[in-house]
Each structure stands twice: as C-alpha cells, then as structure tokens.
Amino acid sequence: VTDVTNAQSYDAEPQLGDYYALMKPRVMQLVVFTAVVGMLAAPVSVNPVVGFASILFLAIGAGASGALNMWWDADIDAVMKRTVNRPIPAGKVTAQSAMYLGVALSGLAVMMLSLSANLLAGFMLAFTIFFYVVPYTMWLKRSTPQNIVIGGAAGAFPPVIGWVIATGDFALAPWLMFALIFMWTPPHFWALALFMRNDYDDAKIPMLTVTHGRRVTRNHILAYTVLLAVLAVGTAFSAIGGWVYLVTAVVLNALFLKGAYAIWQRDEEICEVDDFAAERKFFRLSLWYLFAHFVAILIEAGLKPFGLGGW
Amino acid sequence: MALRQEHEIHTRRKNLNIGVGVMLGSFVLLVIFLTFAKITSAGFSIPASKANGDGEQLSTGASN
C-alpha cells in the first residue's frame, strides 16, 4: 500500500502546513459545520467552552481519520490527478509519519471528547474513525462499487455526534441529519466520477462508472436524488424542521431533481461536446444543497428561543 | 564562539517546532478553561468518597 512513498525522496523538511493538509481540511470544515448544527439544533444548551472544545476534538478526530486514509491510499493517490498533490504522493511527508499522526490524534481526540462531552460522544467518534478507516478505506473502497454509499455513512455521523455532545443521548432528529448526508453523498460523488472519469480508471478503484458503466451511474444519480428529495422535504415536518427549512428544501430539491434529470437524459456524446457541463453544474449545486439545508436547520434552531422556529 | 553551537536541524525545523509548541500551549490553556467550565457548572458535585470522608455529597453550589 505504501510502496509509492519509497520511490520518493524527502529532502525538503515537512512543514506544519503539510501535516495540516494530511488531515483533509475541507472535510474537517464539513464535519465542524454539520456537527455544530447538530449540537445547536439539540434541545439542550451547551456551555460555550465545552461546546467549542468538543467540536475541536471532533474535528481533530476527523482529521486523524483523514491522515490514516492518506497513509493507506498513498498508492492510489499517486495516480489520480485530483489527489497527486497530497502530502505523501508529493513527497512532503512519509506514509509512516501520516500513520503515526493519525493513530496519535485519533486516541487523543476520542479521549478528550469523552472527557469534555460524554462517553457516548467519545464512543461514537471512535466508531466513526474505525468505520472510515477499516471497513471503508482498507476494505470496501477497493472492492465494491457501492464504496461511496458506505463511505457516505462515515461522513454522516458528525451531526449525530454534535447532538450527542449536547444531550448525551440519541433521538430521531439527528438521524434525519445523518440520513440527509448519507443519501446526498452518492449523487455528489457519482457526478464527480462522471467528469473526472480517467482518475478512478487509472487508480483501478471500482467506482460505479468503471464497474457498471456510465449509463447505470446516471440512473443511480436520479434514483438517489428522488429518494433524497423525499427525505429532505419530509425532514421539514420533524422536530428540526419548520417554514424556513421547508421553503429551502422545496426550492433546492426541485433544482437538484432538475439537475439529476438532465444528467439522466444525457449520453456521452453530448457530454463530450460541452465538457460535462451539466454534471459539473450538478456537482457545484450539490455543495450548496447540503450547506443550505444545514443552514436552514440552524436558522430554525436559532428562531426557537423567540417562539418562531419549528411548527 | 558560542558555547553550544546550534545544530542545523534546529534551524531547519524551527517553524515546525514553534508551531507544535504553540499548539501544545493552546491545548494546555484549553484544558484549563475546560476544567474551569466543568467545575463551575450547575451539575458538578464532588464524589461522596472524596468530599468529606463520611459519605455526604458536597456540591460546589456554583448556581445554588
């Protein structure tokens, strides 16, 4: 798995920024954002210092799992355009350093989250790191075209952990946020796979586009988007929903469905002509889609103290 | 000539070492603030066996 690093020379001293890049900062941003929404949407208020520290430790845990992912995937990162500049394939950090950093920070994050919030939150973070690194990264990513669906589950845990930080317990609402990210991930990544087509082929990752073809991938994007729309709009009538969320969900899901339908109608010839314009547009929209839904949940939570949020 | 000549590796890793130092310092401060927030919260109480030795629970009474 780490052969790629042996061919690299490590003349340049690794800088702090290289270690930070190992932690997948953009994924950490998404983790922090969704976890904060999960925490603030909970019906229990959290001491600001405890909340800040808990979210920080959660982010460190997410970053640690990113470093472990980069350690294990260094060989495939080296052949994909999208990932070739990551610290290990770029020769800035050794794979072994990434592994040590990932293991050390995972332990620190789980222990500190258990102390700052509660044991259940710590346990959930430990499970999330394990789920992302072992079943997803080490096993299913390279063995099944449903890899994205399974990987999506790992990325969907942060709002649930955010809720548990506040309440110390589970409820239906955080699992609706989990389901939202879980159902959103496959169409988001399959759209990316459609226009980054050579990357996954070169790395021999069994993406749906590679194993079942591009037509099947387009069908899957549409099917998941329909299910996602039902779930996203339905969430408006739960404890975390309200008018603001309902309007947001209706508008964005209409746009998302329109985009998925456009992708479904297209074939490769049309895509070659406009360089996958519809797929790229759908991918960009997917980023706004998730952001807007969670902002709407946050607004509903923020309005509740004034008697305005919810139903 | 300096009594102890600085090794080349210290110069090379200066930024990294300063960065790690700042992070460790921030971590210590965070733990202090976290401890303060925990022991001044309404739900905090010292475990009975450690409070006064005869099994009676003592509350810090921060909010009482």
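**Exercise 1.** Work out how many helices and strands chain B has, and in which order they run.

*Solution.* Start with the count: chain B holds 3 helices and 2 strands (DSSP runs, H or I of at least four residues for helices, E of at least two for strands, numbered from the N terminus). Then walk along from the N terminus, and you read α-α-β-α-β. Before going on, note that this is a predicted model, where local features need pLDDT of at least 70 and side-chain atom pairs count only at pLDDT 80 or more, while totals for chains, interfaces and linings use all residues. Residues are numbered from 1 along each chain as its sequence is written, chains are lettered from A, and side-chain values use heavy atoms, leaving out hydrogens and water.

**Exercise 2.** Find what share of chain B is buried, and what area chain B exposes.

*Solution.* First, 8% of the 64 residues of chain B are buried (under 20% relative accessible area; exposed is over 50%, partly exposed in between; 1.4 Å probe, protein chains only). Next, chain B exposes about 5300 Å² (Shrake-Rupley method, 1.4 Å probe; for residues, only the protein chains shown count as cover). Carbon and sulfur atoms supply 62% of that area.

**Exercise 3.** Place Lys204(A) and Phe276(A), and say whether each is buried or exposed.

*Solution.* Lys204(A) sits in the loop between α11 (197-203) and α12 (208-211) of chain A. With a relative accessible area of 70%, Lys204(A) is exposed. Phe276(A) lies in the loop between α15 (268-274) and α16 (277-303) of chain A, and at 1% relative accessibility Phe276(A) is buried. Now check the backbone: phi of Lys204(A) is positive, near 60°, and phi of Phe276(A) is positive too, about 60°. Most residues other than glycine have a negative phi.
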